[in-house]
Amino acid sequence: MIYNPRLIAIVLYMIFYLNISYAQPKDLNYYLPQIEYDSSIPTPEEFLGYQIGEWHISHDQLVAYCKELARLSDRIALKEIGRTHENRPLLNLIYTTPENHKNLEALRKQHLKLCDAEISKSLDLNKTPLVLYQGYSIHGNEASGSNAAMLNAYYLAAGESKAIKSLLEKSIVIIDPCYNPDGLNRFATWVNMHKNANVIGDENDREFSEEWPGGRTNHYWFDLNRDWLLLVHPESRARIKNFHHWKPNVLTDHHEMGKNSTFFFQPGVPSRTNPNTPQKNQDLTEDIAQYHMKYLDAIGSEYFMKKRYDDFYYGKGSTYPDANGAIGILFEQASTRGHKQETDNGMREFSFAIRNQVATSLSTQEACLNMMTVLKEYQRDFYLNVKKEAADNPTKGYIFYDDDKTKMSSFINKLGQHQILYQKTTADFAKEQITYPSGSYYIPLDQKDYKLVKTIFEKVSTFRDSIFYDVSAWTLPLAYDLSYSEITSSDKLKISTKKNQFLRTNLIDKTYQKLYAERSDTLVYSDDNNMVVKPKIAILVGDGISAYYTGAMWHTVDKRYGLPITKIDIHQFKNSKRLNKYNTLIMASGRYNELDSTSVAEMKDWIQNGGKLICEGTALRWAAKKGLVDLSFKKRMVKDPKTGKMKAMSTASSRNAQVIGGAIFATEMNLDHPLTEGYTDTFYPSFKKGTHFLEEPTKADIKVILRYTENPSLSGYVSNKNLDMIKGSPALVMQKQGKGKVICFVDNPVFRGYWYGGFRLFMNAIFL
Ligand SMILES: [Zn+2]
């Protein structure tokens with residue numbers, strides 16, 4: 001071996017140099033209180049070889065550390081509750097004392113009695129454990145949560161304080177260290193691969209400009225924090241099954257927001273709380289907030305509450321628990337996105353963001369310890385109260401039926417996952433010109449899941465506020481386009497006496513996949529010519545295109561129907577002759593600025609020669625502007641504050657009352673058109689997000705297939721101005737061009753992958 005002192009000197013210098021130029025790694029006591037810790041439990045730093053906050057942990061590292069903690073600590077039971085699309089494990093670290101672990105199942109059952117109105121009154125609350133569920137980073141690029149979860153996991157495993165021991169004695173604390181492993185891992189790879197040795201925090205660095213689609217979403221580019229009610233994804237299905245297994249008293253949901261903010265915790269804006277959520281829930285949330293304030297004050301961090309964020313849509317992690325006797329709490333930490341970033345509040349390091357998440361994890365634990373009795377009473381009373389509410393409600397339940405067995409079982413499967421009970425009718429029943437045959441399903445409101453049943457079935461048209469952070473309607477039977485009616489006490493309905501639990505099945509996707517796999521091999525289309533059409537599908541993805549909307553379409557075609565689909569990146573599409581490999585091209589909402597005149601000309605040729613272009617939402621605007629389809633959009637005239645003259649405003653750009661955040665509208669379907677094959681009635685509920693309204697087409701070769709009715713509002717918030725624009729306008733049109741065609745969906749037919757009623761319409765468009 002050659003011994004070279006000069007080389008060694010250089011290496012030593014570099015090691016020294018690199019060390020001092022990194023952002024200084026923090027001590028463990030920067031994050032955690034200085035109490036005694038069990039030295040046989042490795043700190044995250046001892047396990048990883050670096051301190052939390054220095055690098056973004058990958059999901060594999062997180063899993064490995066959780067396993068090590070569970071191996072060494074008798075306070076922990078580690079449970080894999082499911083797997084993600086990318087086959088990553090979804091973990092629960094279940095903490096309680098070693099003595100309690102010996103009776104864990106008995107303790108869980110004892111806890112569940114709080115939710116049973118028949119027996120909960122006689123329950124000894126002192127012998128009933130509280131369940132706290134702490135969850136992190138459902139948006140993968142809001143990574144301070146999952147990194148903080150590692151420290152929380154260590155703290156509860158190794159901490160020797162009286163408070164920890166008392167908490168574990170009286171309760172079961174479940175840490176769900178990462179709600180979205182696929183997104184977290186994608187993001188960690190991005191920021192770690194761009195980290196400078198000299199961490200600079202300049203917002204222009206590529207570290208802070210994630211490549212499309214970014215780490216926020218799951219594998220199919222869905223926002224998992226909208227899926228708690230819809231249950232389209234394995235992450236959500238596992239989580240909700242687990243939720244009902246434990247029925248926690250408190251569930252937390254740690255997020256990040258814009259970098260220039262501080263720290264938010266619920267309660268949110270009072271007028272934007274879902275009216276189905278009890279006021280007591282909000283009061284207790286505010287009592288718990290006193291602990292967050294205390295902990296954040298102690299470390300000098302700023303915060304706010306009752307502003308900006310709502311508590312409205314039950315498909316979110318902090319709101320779903322509110323319909324289930326629990327307290328859901330949203331936390332939002334100003335993001336550093338990468339390892340360090342300049343913000344309006346000065347230079348902020350990733351470690352700072354993590355520290356606030358740790359502080360509010362610990363404050364929640366202290367709140368649970370000190371408010372134990374009142375939280376248990378709240379849960380018990382919630383279920384006693386829903387019994388009363390059900391008795392007082394003039395609506396007694398809902399009846400539904402559909403001839404489409406696959407659709408029915410998919411719907412039933414969804415209700416079953418939420419543990420909703422049903423009864424069956426024993427005689428034919430007619431209401432609102434619909435005949436429900438004997439054996440139809442009846443969902444009584446008088447059940448534990450009263451609030452969930454209500455929110456899933458009710459149509460909502462009155463609102464306390466006109467501004468929505470997200471959708472304002474999610475009426476599931478409308479999403480499934482099912483016949484359903486509200487049942488009141490005056491309805492003479494004959495039903496079975498027993499309330500049954502739906503069995504969870506997994507047959508659905510397979511049934512449909514088989515159906516379409518057969519169809520794709522044999523389909524004969526005979527509109528003009530008898531030809532066998534096997535779809536060769538491509539979808540444009542990438543910069544400027546909605547990842548959510550393309551993701552929903554990718555998921556529908558690939559996962560639900562099991563058909564091949566090619567995702568062409570918009571950067572790769574330019575000047576290519578690739579289109580000829582496909583007969584169907586899908587363009588979801590997006591700007592499509594990347595496509596130049598050559599690409600547009602190629603697309604036109606391709607359509608003339610038999611290609612089929614399917615456009616949705618804002619992609620329609622692009623297609624119309626480029627002359628790919630002869631459509632125009634309605635313009636809203638507004639007064640220009642500067643000139644005083646009227647001018648056209650194309651869309652509502654900000655969060656205001658003119659936004660359609662998501663609502664449901666009635667359309668009338670043209671059943672004679674081949675695009676509507678398989679639909680049996682003209683009524684079709686369409687989910688609308690955004691303010692795009694088509695003018696009546698002037699060209700004779702354009703067929704209107706869906707049209708909003710004259711009184712279209714079914715459920716959700718819409719301003720009167722928007723409603724006037726929607727009325728009677730086209731919602732789905734098709735134009736033939738040469739041998740090809742352009743199909744235009746004003747609304748996304750497969751919104752969030754759950755708009756079941758539109759699946760067939762979308763697939764018909766592909767197969768047409
Ligand atoms: Zn978030």
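Where is Arg 380 found? I looked this up before anything else, and Arg 380 is found in helix H13, where helices (H or I, at least four residues) and strands (E, at least two) are DSSP runs numbered from the N terminus.

**Ground rules.** I number residues from 1 along each chain as its sequence is written. The model is a predicted one, in which local features need pLDDT of at least 70 and side-chain atom pairs count only at pLDDT 80 or more, while totals for chains, interfaces and linings use all residues.

**Arg 380.** I asked next whether Arg 380 is buried or exposed. Arg 380 is buried, because 21 other C-beta atoms lie within 10 Å; I take a residue as buried if 20 or more other C-beta atoms lie within 10 Å of its own, exposed if 12 or fewer, and partly exposed in between, with C-beta atoms placed from the backbone. Leaving aside neighbours within four places in sequence, I find Arg 380 in contact with Leu 114, Ser 120 and Leu 123, a contact being two residues whose C-beta atoms, placed from the backbone, lie within 7 Å. I also checked Lys 121, which is 259 residues from Arg 380 along the chain, and the two C-alpha atoms are separated by 7.9 Å.

**Whole chain.** I count 23 helices and 29 strands in the protein chain. The radius of gyration is 28 Å, close to the 27 Å that the globule rule gives for 768 residues, so the chain is as compact as a globular protein of that length; the radius is taken over C-alpha atoms, and the rule is 2.2 Å times the number of residues to the power 0.38. Along its principal axes the C-alpha trace spans about 80 × 80 × 60 Å. Of the 768 residues, 49% count as buried, and residues 24 or more positions apart account for 78% of the contacts with a separation of 6 or more.

**Domains.** I read three entries in the domain assignment, namely domain 1 (68-386), domain 2 (393-501) and domain 3 (524-767), with bounds that come from an automatic or database assignment. How many residues of domain 2 are in contact with domain 3? I find 18 residues of domain 2 in contact with 18 residues of domain 3. On the domain 2 side, helix H14 (405-417) and helix H16 (476-479) each supply at least two residues. By class, that side has 9 nonpolar, 5 polar and 4 charged residues, where Ala, Val, Leu, Ile, Met, Phe, Trp, Tyr, Cys and Pro count as nonpolar, Asp, Glu, Lys and Arg as charged, and the others, Gly among them, as polar. The C-alpha centres of the two domains, 2 and 3, lie 30 Å apart.

**Helix H15 and its surroundings.** I looked at H15 (residues 450-457) and found 7 of its 8 residues buried, including Lys 451, Ile 456 and Phe 457. What covers these buried residues includes helix H13 (372-392), strand E10 (395-401), strand E14 (441-444) and H16. E10 and E14 recur in an open sheet of 5 strands, with the order E15-E10-E14-E11-E16 and antiparallel pairing, two strands being paired if DSSP finds at least two bridges between them. The edge strands are E15 (483-488) and E16 (500-501). I find 6 bridges joining E10 to E15, and Tyr 398 stands opposite Glu 486 in E15.

**The mixed sheet.** I traced an open sheet of 7 strands in the order E1-E2-E4-E3-E5-E7-E6, with mixed pairing. Strands E1 (76-83) and E6 (263-265) stand at the edges with a single partner strand each, so one side of each has no neighbour in the sheet. Helix H10 (residues 234-246) lies across E1, E2, E3 (130-136) and E4, running at about 135 degrees to E1; axes are lines fitted to C-alpha atoms, for helices over the stretch in contact, and angles run from 0 to 180 degrees between N-to-C directions.

**Backbone checks.** I noted a cis peptide bond from Trp 212 to Pro 213, with omega near 5 degrees, and another cis bond from Gln 266 to Pro 267, with omega near 15 degrees. Trp 221, which is not a glycine, has a positive phi of about 65 degrees, is found in the loop between H9 and H10, and counts as buried with 22 C-beta neighbours inside 10 Å.
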